[in-house]
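I opened a new structure today and kept notes as I went. The entries are in the order in which I looked things up.

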Amino acid sequence: MTGFERGRPAARRTLLPMLAVVLLSGCVVGPDYEKPLLAMPASWSDQKTASIARPPQLSQWWQRLRDPQLNTLVGEAVAGNLDVATAKAKIRQARASYRQSAGALFPTADGSGSASRSKTAATTEGGSAGDAYSYYQAGFDASWELDLFGANRRGVEAARYGVDASEQELRSTLLTLVGDVASYYAQARGFQARIQLARRTAASQQQTATLTRTMLLAGTATAADVAKAQGQANATAADVPSLEASYAQAVHRLSVLTGRPPAALNERLKRGAPIPTPRLPLPTGIPADILLTRPDVRMAERQYAQYTAKVGQAEAARYPAVSLTGNIDTSAFRVGDLGKNSTIGWSFGPTLSVPIFNAGQLKAAADVARAERDQYFIAYKTSVLSALEDVENAIVALHQERIRNSKLAASVKSYGEAANLERTLFKSGEAGLLDVLDAERSLYSAEDDLLQSRIAIATDYVALNKALGGGWDGTIDSAKPEIVDAKTGPRLASSVPATQ
């Protein structure tokens, strides 16, 4: 029998365990994630059959408000908003955590080296001191956890789902941001329109007061009539300061949303513009669409997946762990002798760790992971129901506000005709002052209600788009850090600034 043939049994004894290890390395424990199937309504409550097949038009939805200034502000907010910057940082954190988890699947290696100078001194009578000598040592250590039951792979899986969840969190932040910018912009323009209406109405009522004062001099009106007319003009003018304050607050909020100081947009928005009017009706698709379009729903689903993987990670901790470790080291009395005329040692072999008794801690940890998974599953179902509720409420609010708006427009027209007629009759002495004041007051109230209704239509339109999942669909660079560190390498301590 040749030496080769005699070596084959020994080789088989070595290779078979290694093959078993490789096969076991593909094993995982714990539940595999499956996307849940939830029962969804076939259509929205007031949806007509003809509109069911039309998907929601969510791309750049704010442009259908037909206001160039709003379009510009949305872009500036996406670029400068601090909540968006925070969400970007969370994505970078999640990606770094994923890379960190993936590194556990690979071997690790470390090198070491040491140098020492020694001398033995005489400590007894008659003893002699030895010569000083140098001693050098170098080594290389490597280890690899075989991940027999998939603990590390489940960790990588959980980290990957975490990256997905952080990306959806950014989309959710952008959705909220764009909606807030559009809403506050519509409110700001609405307050400008209401301020103009209050000033215009106060001026008209002041003309009535002046006319009444003239009629007092002519003996056709009383001092009480003058006081009533002047009082109504002053009351209408008193609405202006509170409207100005509300307008300023809306503009300040817009400035902060774009990442600027509160007063940054004052001059830019000072010149009035019409209240944004959306193109309607808006296709709403079917309820199942929100599972794909709502970022908060998608984030909740990814978090549920993440914590499902963590169940497997906790379960794997209850099983044996095997690591391969090896090292080689060399030592010598001269640096040049390392690896040649030196002492060289090495070792290689597996390390087995078996949990035998831990008072139920590992099982309890797995139960904790399952309970956390259940909580995130419930949170996912809750997010779906909340999304359905948001859409239904927004659809109803927008539909009913449009009906209310048409009624208010008719009311304004009627009150306008009545006010003009009462003024004419008052000038000719055929109507009393109270009739004029009542007509002017009713007209002002109706016109103000109509403006508020136009604002509500715009904000309800924004709310419906947000509920359907409409947000920023442009490119977002989340890889660029907010702070770029300089001089991070080794340097003299004197270069570090002292604390105050």
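The notes below go from the overall layout to single residues.

**Entry 1: layout.** I noted that this is a predicted model. I counted the secondary structure of the protein chain and got ten helices and four strands. I then read the elements from the N terminus on, and they run α-α-α-β-β-α-α-α-α-α-β-β-α-α. I also looked up burial for the whole chain: of its 500 residues, 36% count as buried.

**Entry 2: helix α4.** I looked at helix α4, which covers residues 151–218 and has 68 residues. How far apart are its end C-alpha atoms? I found 98 Å between them. At 1.5 Å a residue the helix should span 100 Å, so the two values agree. Just after α4 I came to Gly 219, where phi is positive, at about 85 degrees.

**Entry 3: the nonpolar core.** I looked for the largest nonpolar core and found that it has 57 residues. Which of them touch the most other members? I wrote down Trp 61, Val 181, Val 391 and Leu 464. The elements that give two or more residues to this core are α2 (68–80), α3 (82–103), α4, α6 (239–257), α8 (295–316), α9 (361–427) and α10 (433–468). The helix from the previous entry came up again here, since α4 gives the largest share, 13 residues. I set beside this a general remark: in soluble globular proteins, nonpolar side chains tend to be buried together.

**Entry 4: strand pairing.** I turned to the strands. Strand β1 (residues 108–118) and strand β2 (residues 133–145) run antiparallel and are joined by eleven bridges. I picked out one partner pair between them: Asp 110 is matched with Asp 141 in β2. I then followed β2 to strand β3 (residues 321–332), with which β2 pairs over ten bridges, again in the antiparallel sense. There I found Ala 142 opposite Gly 326, which belongs to β3.

**Entry 5: a nonpolar patch on the surface.** I searched the surface for nonpolar side chains and noted a patch of about 620 Å². Which residues make this patch? They are Phe 140, Ile 328, Ile 344, Trp 346 and Phe 348. Strand β4 (residues 343–353) gives the largest share, three residues. I looked at Trp 346 by itself, which is placed in β4. Is Trp 346 buried or exposed? Its relative accessibility is 67%, and exposed means over 50%, so I entered Trp 346 as exposed.

**Entry 6: salt bridges.** I counted 22 salt bridges. Lys 90 pairs with Glu 169, with 3.1 Å between the closest N and O atoms. This pair links distant parts of the chain, as Lys 90 is in helix α3 and Glu 169 in helix α4, 79 residues apart. Lys 90 is partly exposed at 36% relative accessible area, and Glu 169 is partly exposed at 26%.

I went on to Asp 296 and Arg 294, whose closest N and O atoms are 2.8 Å apart in a salt bridge. Asp 296 counts as partly exposed at 23% relative accessibility. Arg 294 has 6%, and buried means under 20%, so I entered Arg 294 as buried.

The next pair was Arg 441 and Asp 438, a salt bridge with closest N and O atoms 3.5 Å apart. Both are in helix α10, and because they are three residues apart, about one helical turn separates them. The general rule I wrote next to this is that an α-helix has 3.6 residues a turn, so residues three or four places apart point the same way. Arg 441 is partly exposed at 43% relative accessibility, and Asp 438 is partly exposed at 40%.

I also noted a network of salt bridges that links Glu 315, Arg 318, Lys 363, Asp 367 and Arg 370.

**Entry 7: Trp 472.** My last look-up was a residue in the segment after α10, Trp 472. Its relative accessibility is 22%, so Trp 472 counts as partly exposed. How far is Trp 472 from Leu 175, in sequence and in space? I found 297 residues in sequence and 6.3 Å in space, C-alpha to C-alpha.

Technical notes:
Residues numbered from 1 in each chain as written. Predicted model: local features only at pLDDT ≥ 70, side-chain atom pairs only at ≥ 80, totals over all residues. Heavy atoms only, no water. Patch = residues over 30% accessible without salt bridge, like charges linked within 9 Å, V, L, I, M, F, W, Y side chains within 5 Å. Areas by Shrake-Rupley, 256 points an atom, 1.4 Å probe, with all protein chains shown as cover. Salt bridge = Lys/Arg side-chain N within 4 Å of Asp/Glu carboxyl O. Buried < 20%, exposed > 50% of the residue type's maximum accessible area, 1.4 Å probe, protein only. Expected span 1.5 Å × (residues − 1). Pairing = 2+ DSSP bridges. Core = buried A, V, L, I, M, F, W, Y, C linked by side-chain atoms within 4.5 Å.
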